Amino acid sequence: MFYTSDPSWSGICDKAVARVLDHPGAFGLTKDTFGLVALREDSKGLAGYVLNGSWQCYPCSVVKAFHLVHVLQRLEEETCAPDDLDQAILDMIRWSSNTATNYVIDFLTGTTGDTVLSQAELEAYRMKRQGLNRYFAALDWPEWNGCSIAMKLSGDTRYGREAQLAGANGEHLNRLTPLVSARLFSDLFAGNLPLSPESTEKAKQILLRDRTSLDADNPLFQVADFLGGGAPGNAKIWSKAGYTGWTGDPHTSYFRHDLIRVAVPDAKPIILSMMTQGRLMAEYGDELFPQIGRILLSKLLDASDAH
């Protein structure tokens with residue numbers, strides 16, 4: 001495991017989760033539709049708490065944090081890249097743009113277009129897209145097993161080759177877990193990813209959410225209506241969130257997730273990887289997620305201060 005078990009930390013997290021699930025209506029969540037990993041960073045390593053950490057589900061836009069790491073590493077080797085790629089990378093994270101993300105995916109895989117392909121063409125195309133999975137499989141993370149991020153981002157029904165790649169029953173759709181997402185953030189901030197120090201710092205800066213900026217008023221900023229909405233005013237936040245309503249596909253509908261690192265003065269930084277499924281959470285999550293964030297962070301940051 002990339003984290004250590006700490007009975008004290010686990011007990012504190014258990015109590016915080018119980019408060020979430022004991023909330024009137026439990027925010028529409030059950031232990032079958034709610035996965036959480038809570039990590040406390042300190043000089044001794046990571047103390048970890050895991051609830052349904054291996055739950056594989058549609059990751060919404062949390063997947064974009066993975067593409068951020070991959071594309072920054074590729075740019076370290078690339079001698080020629082599109083002039084607008086840097087802007088696409090920023091828009092992929094800052095505004096969670098699917099268009100920008102799909103442009104980044106095309107750059108990483110050498111693929112483009114959406115029309116139907118013959119079987120032979122489709123297999124060649126699939127191999128190129130699988131490069132997105134091969135990159136993370138090469139890291140030898142046990143948490144990566146069963147995960148996939150080879151599909152482009154879509155807010156509704158898929159057509160043409162994207163529908164072909166997804167499979168008749170959605171068996172090839174993107175899927176991640178709370179645990180592998182938490183590992184991505186923990187390894188990034190610990191400097192353990194295959195990135196240069198310069199690229200590591202660039203990734204952190206892109207993920208940083210300045211709540212005092214004009215950007216914070218944009219509804220696409222994805223902080224105030226996610227877990228970060230419950231963070232203390234003096235907290236620094238790095239995050240990538242995402243959600244779907246009804247997409248036309250039950251495999252990708254009604255999810256709401258957040259991957260967030262929170263740091264406040266005189267306390268150990270906290271990483272939360274939270275994934276949820278349910279119509280109530282998807283449609284009213286902009287009100288409910290900040291409440292959950294407030295419950296979790298008020299308990300966990302206080303506990304972090306005590307260590």
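In the predicted model, the largest pocket is lined by 26 residues. S61, S96, Q222, Y243 and T244 lie nearest its centre. Two elements give two or more residues to this lining: strand β4 (236-244) and helix α10 (279-306). The largest share comes from α10, with 5 residues. The volume of the largest pocket is about 400 Å³. By residue class, its lining holds 12 polar, 9 nonpolar and 5 charged residues.

The second largest pocket has a volume of about 180 Å³. Its lining is made up of 16 residues. T157, R158, A166, L173 and D249 are the closest to the centre of this second pocket. Polar residues number 8 in this lining, nonpolar residues 5 and charged residues 3.

The strands were examined next. Six of them form an open sheet, a total of 6 strands in the order β2-β1-β6-β5-β4-β3. The pairing is antiparallel. In general, strands of a sheet pair through backbone hydrogen bonds, in either a parallel or an antiparallel sense. The edges are taken by β2 (45-51) and β3 (208-209). Each edge strand has a single partner, so one side of each is left without a neighbour in the sheet.

Strand β4 contributes to the lining of the largest pocket and also takes part in the sheet, between β5 and β3 in the strand order. Its pairing with β3 is antiparallel and spans 2 bridges. Within that pairing, R209 has I237 of β4 as its bridge partner. On the other flank, 9 bridges join β4 to β5 (residues 255-263), again in the antiparallel sense. Here G242 is bridged to H257 of β5. Strand β4 is mostly covered, with 7 of its 9 residues buried.

Strand β1 (residues 34-42) carries E41. The relative accessible area of E41 is 15%; because this is under the 20% cut-off, E41 counts as buried. The side chain of E41 makes a polar contact of 2.8 Å with the side chain of R261. Residue R261 also appears among the contacts of E41 beyond four places in sequence. The others are L46, F189, K268, P269 and I271. As a general point, side chains in a regular strand alternate between the two faces of the sheet.

A second buried position lies outside the strands. L193 sits in the loop between α8 (178-190) and α9 (197-207). Its relative accessible area is 7%, so L193 is likewise buried. Leaving aside neighbours within four places in sequence, L193 is in contact with V69, L139, W141, L184, D187 and L188. The contact with V69 links positions 124 residues apart along the chain. The C-alpha atoms of L193 and V69 are separated by 8.3 Å.

Conventions:
Residues are numbered from 1 along each chain as its sequence is written. This is a predicted model: local features need pLDDT of at least 70, side-chain atom pairs count only at pLDDT 80 or more; totals for chains, interfaces and linings use all residues. Side-chain values use heavy atoms; hydrogens and water are left out. On a 1 Å grid over the protein atoms alone, a cavity is a set of points where a 1.4 Å probe fits but cannot get out, and a pocket is an open set with protein on both sides within 12 Å along at least five of seven lines; lining residues have an atom within 4 Å of a point. Grid points are joined across faces, edges and corners, and a volume is the space filled by probe spheres set on the points. Helices (H or I, at least four residues) and strands (E, at least two) are DSSP runs, numbered from the N terminus. Ala, Val, Leu, Ile, Met, Phe, Trp, Tyr, Cys and Pro count as nonpolar, Asp, Glu, Lys and Arg as charged, and the others, Gly among them, as polar. Buried means under 20% relative accessible area, exposed over 50%, partly exposed in between (1.4 Å probe, protein chains only). A polar contact is a pair of N or O atoms within 3.5 Å; within protein, one must be able to donate a hydrogen and the other to accept it, and residues adjacent in sequence count only if both atoms are side-chain atoms. Contact means heavy atoms within 4.5 Å. Two strands pair if DSSP finds at least two bridges between them.
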